[in-house]
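Please work through the exercises below with the sequence and the model open beside you, and try each task before reading its solution.

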Amino acid sequence: VALNDYKEKLAEQNEELLARQDLLEKQADEYLKLKEELEEKQAEIDKIIGVKQEIIEALNQEFSKEEIAINIDQQTGAIVFDASILYDRSKSELKGEGIQFLPIYIGVLFSSEFKDDIAEIIIEGHTDTDSGYMYNLGLSQDRALSVVEYCLSDSSLSKEQKEQLRSVITANGRSFSNPVYDADGKVNLTKSRRVEVKFRLKDEEMIQELQGILERGDTQ
């Protein structure tokens, strides 16, 4: 009887080991599948980042060729205009030739190499912290709109480029919601009065979410 009990117990243990082995094999398969999915997502991220860097490099080359000195954010591709160059104080009508190079910027984004990657071109108006929020909101919005109007009326852009521009350009007034600070923490009124031009790539928001998932996965 004792021998039979031992055999039964051994058989149960063997079944339990086989079940555990099966579970481990399934977990290993799931891990490999997840690893492959993460690698695919990382490849997508790298591709999007690569396209953005290619655009920024193309912008640098084009402005250099035209001998135009302009500061391009090397991470985002954004450019910033000092409002005093573009507008009189508290005005929204463009003055002078401050943004004549903007069609060059748009031309690079709408080149055959990049036009299918562009989801949005964003014109943002920013003010200093003087006066009320709503007043500055209207002023910053009007200034952003004046830049859009300039771009859509510019004769150096082709009809096709203007049509595409109308489908992706937005004008946003930010009032003083994002001021520029000095090193001592005080608002720099002059630098806060600005217009920013930037672009967003297709699927860029998805890529940012994927990066968050990957980063969380790395810390687990």
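**Exercise 1: Charged partners of one arginine**

Asp 130 has a relative accessible area of 33%, so it is partly exposed. The model in which this residue is examined is a predicted one.

Task: Find out which residue forms a salt bridge with Asp 130, and state where in the chain the two partners lie.

Solution. Begin with the distance: the closest N and O atoms of Asp 130 and Arg 89 are 3.7 Å apart, and the two residues form a salt bridge. The cut-off needed for this step is 4 Å between a side-chain nitrogen of Lys or Arg and a carboxyl oxygen of Asp or Glu. Next, place the partners: Asp 130 belongs to the loop between E2 and H4, while Arg 89 belongs to the loop between H2 and H3, so the salt bridge ties together parts that are 41 residues apart in sequence.

Then look at Arg 89 again, for its side chain also meets that of Asp 128 in a salt bridge, with 3.8 Å from N to O. This pair, too, links distant parts of the chain, since Asp 128 sits in the loop between strand E2 (118-126) and helix H4 (133-153), and Arg 89 in the loop between helix H2 (83-86) and helix H3 (102-109), 39 residues apart.

Task: Decide whether Asp 128 and Arg 89 are buried or exposed.

Solution. The relative accessibility of Asp 128 is 4%, which lies under the 20% limit, so this residue counts as buried. For Arg 89 the value is 56%, which lies over 50%, and therefore Arg 89 counts as exposed.

**Exercise 2: Another salt bridge, and the total**

Task: Describe the salt bridge of Lys 95, and give the accessibility of each partner.

Solution. The partner of Lys 95 is Asp 88, and their closest N and O atoms are 3.4 Å apart. Lys 95 is partly exposed, at 31% relative accessibility, and Asp 88 is likewise partly exposed, at 45%. Counted by the distance rule of the first exercise, the salt bridges come to 13.

**Exercise 3: Aromatic pairs**

Task: How many aromatic pairs does a search of the whole structure find, and what is the geometry of the pair formed by Phe 63 and Phe 101?

Solution. The search finds 3 aromatic pairs. In the pair of Phe 63 and Phe 101, the ring centres are 5.5 Å apart and the planes stand at 80°, an arrangement that is edge-to-face. Phe 63 lies in helix H1 (residues 2-65) and Phe 101 in the loop between H2 and H3, so this pair joins parts that are 38 residues apart in sequence. Both Phe 63 and Phe 101 are buried.

A second pair to consider is that of Tyr 133 and Phe 176, whose ring centres are 5.5 Å apart and whose planes are at 80°, so this pair is edge-to-face. Tyr 133 is in helix H4 and Phe 176 in the loop between strand E3 (169-173) and helix H6 (189-192), 43 residues apart. Tyr 133 is partly exposed, at 39%, and Phe 176 is partly exposed, at 23%. As a last step, note that ring pairs link Phe 63, Phe 81 and Phe 101 into a cluster.

**Exercise 4: The nonpolar core**

Task: Which residues of the largest nonpolar core touch the most other members?

Solution. The core holds 36 residues, and those that touch the most other members are Ile 55, Phe 81, Leu 102, Tyr 105, Ile 121 and Ile 123. Taking Leu 102 as an example, and leaving aside residues up to four places away in sequence, its contacts are Ile 79, Phe 81, Val 147, Cys 151 and Val 197. As background, nonpolar side chains tend to be buried together in soluble globular proteins.

**Exercise 5: Strand E2 and its partners**

Task: Determine how E2 pairs with E4 and with E3, and how many bridges join each pair.

Solution. E2 pairs with strand E4 (residues 194-201) in the antiparallel sense, over 8 bridges, and within this pairing Glu 124 has Glu 196 as its bridge partner in E4. E2 and E3 run parallel and are joined by 5 bridges, and here the partner of Ile 122 in E3 is Thr 170. Finally, consider how far the strand is covered: 8 of the 9 residues of E2 are buried, so E2 is mostly covered.

Technical notes. Residues are numbered from 1 along each chain as its sequence is written. This is a predicted model: local features need pLDDT of at least 70, side-chain atom pairs count only at pLDDT 80 or more; totals for chains, interfaces and linings use all residues. Side-chain values use heavy atoms; hydrogens and water are left out. Buried means under 20% relative accessible area, exposed over 50%, partly exposed in between (1.4 Å probe, protein chains only). Helices (H or I, at least four residues) and strands (E, at least two) are DSSP runs, numbered from the N terminus. A nonpolar core is a set of buried Ala, Val, Leu, Ile, Met, Phe, Trp, Tyr and Cys residues joined through side-chain atoms within 4.5 Å. Contact means heavy atoms within 4.5 Å. Rings of Phe, Tyr and Trp (its six-membered ring) pair if their centres lie within 6.5 Å; planes under 30 degrees apart count as stacked, over 60 as edge-to-face and the rest as tilted. Two strands pair if DSSP finds at least two bridges between them.
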